Amino acid sequence: MLSQILYEDKEVIVVHKPAGIAVQTARPGQRDVVSELKNYLRRDNSESAGRRGNGMPDGHGEPYLGIVHRLDQPVEGILVFAKTKAGAAALTGQLRKLPNQNDEGTFCKRYYAVLCSIPADKKGRLTDYLYKQAVKNGKNTDYIAVIVEKNPGSQDGCVCQDSRDSRGRFDERNGGDAEDKTGASVSGFSGGSRCRDRRKGQKASLGAGQNEKARRAELEYRILQVQEQTGLALAEVNILTGRFHQIRAQMAHAGMPLLGDVKYGTEETKALAGRLGIRSVALCACQLAFVHPVTKKKMDFRIKPENPAFSSFSQELLK
């Protein structure tokens, strides 16, 4: 099994998902965490006849495995799955309280990221509106997170603005302003196009139904260490909302794309990743804390990133 089991009992199973494996997929022949865990639960049940609470109802049928949250395929990190429907409902309830992470009974999700930029301020908050857009990738359909601007003339509508500055260059932060929403100017590599549609000079086309789907995305970041020579920064990131590709899209939008991110990075950051031998996005869900659905005990799990992108930074910080 590719995923490492960090903890298991009758209600939950916590795993370390490696980079490159999907949480769940419908593509034939492609491995994913859910299939791995269901196979594990089947074997566990057959080897322990008569034991209950292992995800297999009465030893028959498909093992139950509740997906509480996900990670992008190229991202490594900690995931918790529920082995009962009641456990899934309890954990999902905690996840919905994510914006109030200081409250008891809520998820706490913390990430490490390597940024291709060094912000002037060592901490900040990013607030954007994200829309999940389908794009054709050959015969398959891929998805990207589009960042749009809230249209003050309508209640829910959003428009995506061309963010060229006075010299015709794209500004990746706040509608052509020189600073991002945190007030921190950034140096180093520029981010990708503001609307992420990769068609320079064109606005992303959003219909009325799509406008309504744009949702507020908010995160906080703190810079732990910088490398002036390479222009890289190690950041700790806490998400205050759970949106599709939120960290990757928001950081790129703010002019700080993640090292190794081929979807939201620039040609320059992709070339740097190639020179450094980085083959997956430098993002790791390093900490996950939640309240156990039955015992009500606070559970806290932490890992160190395995991605070599983190190896050049102080390992004492990665804890």
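Which ring does the charged end of K132 sit over, 4.6 Å from its centre? In this predicted model, the answer is the ring of F244. K132 also lies over the face of Y143, this time at 4.7 Å from the ring centre. So much for charges over rings; next come rings paired with rings.

Searching the whole structure turns up three aromatic pairs. One of them brings together Y7 and F301, whose ring centres are 5.8 Å apart, with 45° between the planes, a tilted arrangement. This pair links distant parts of the chain, since Y7 belongs to strand β1 (residues 4–8) and F301 to strand β14 (residues 298–302), 294 residues apart. The two partners also differ in how much surface they show: Y7 counts as partly exposed because its relative accessibility is 27%, while F301, at 12%, is buried. F301 has another ring partner, F290. Here the centres are 6.1 Å apart and the planes meet at 25°, so this pair counts as stacked. F290 sits in strand β13 (residues 283–291) and F301 in strand β14, so the pair ties together parts that are 11 residues apart in sequence. Both F290 and F301 are buried. Put the ring pairs together and Y7, F107, F290 and F301 end up in a cluster.

Now for the charged pairs. Side chains of opposite charge can pair when their charged atoms come close. Across the whole structure, 14 salt bridges are found. In one of them, the side chains of E220 and R125 meet at 2.3 Å, N to O. That contact links distant parts of the chain: E220 is in strand β11 (residues 215–227) and R125 in strand β7 (residues 123–137), 95 residues apart. E220 is partly exposed, at 29% relative accessibility, and R125 is partly exposed too, at 37%.

Another salt bridge joins D142 and K263, with 3.0 Å between the closest N and O atoms. D142 lies in strand β8 (residues 140–150), whereas K263 is in the loop between α4 (246–253) and α5 (267–276), 121 residues apart. D142 is partly exposed at 24%, but K263 is buried at 18%, because buried means under 20% relative accessible area.

A more local case is found in helix α5, where E267 and K270 are three residues apart and so separated by about one helical turn. Their salt bridge has its closest N and O atoms 3.6 Å apart. E267 is exposed, with a relative accessible area of 62%, while K270 is partly exposed at 27%. Finally, salt bridges with shared partners join R125, R216, E218 and E220 into one network.

Definitions and conventions: Residues are numbered from 1 along each chain as its sequence is written. This is a predicted model: local features need pLDDT of at least 70, side-chain atom pairs count only at pLDDT 80 or more; totals for chains, interfaces and linings use all residues. Side-chain values use heavy atoms; hydrogens and water are left out. Rings of Phe, Tyr and Trp (its six-membered ring) pair if their centres lie within 6.5 Å; planes under 30 degrees apart count as stacked, over 60 as edge-to-face and the rest as tilted. Helices (H or I, at least four residues) and strands (E, at least two) are DSSP runs, numbered from the N terminus. Buried means under 20% relative accessible area, exposed over 50%, partly exposed in between (1.4 Å probe, protein chains only). A charge sits over a ring if NZ of Lys or CZ of Arg is within 6 Å of the ring centre and within 35 degrees of the ring normal. A salt bridge is a side-chain nitrogen of Lys or Arg within 4 Å of a carboxyl oxygen of Asp or Glu.
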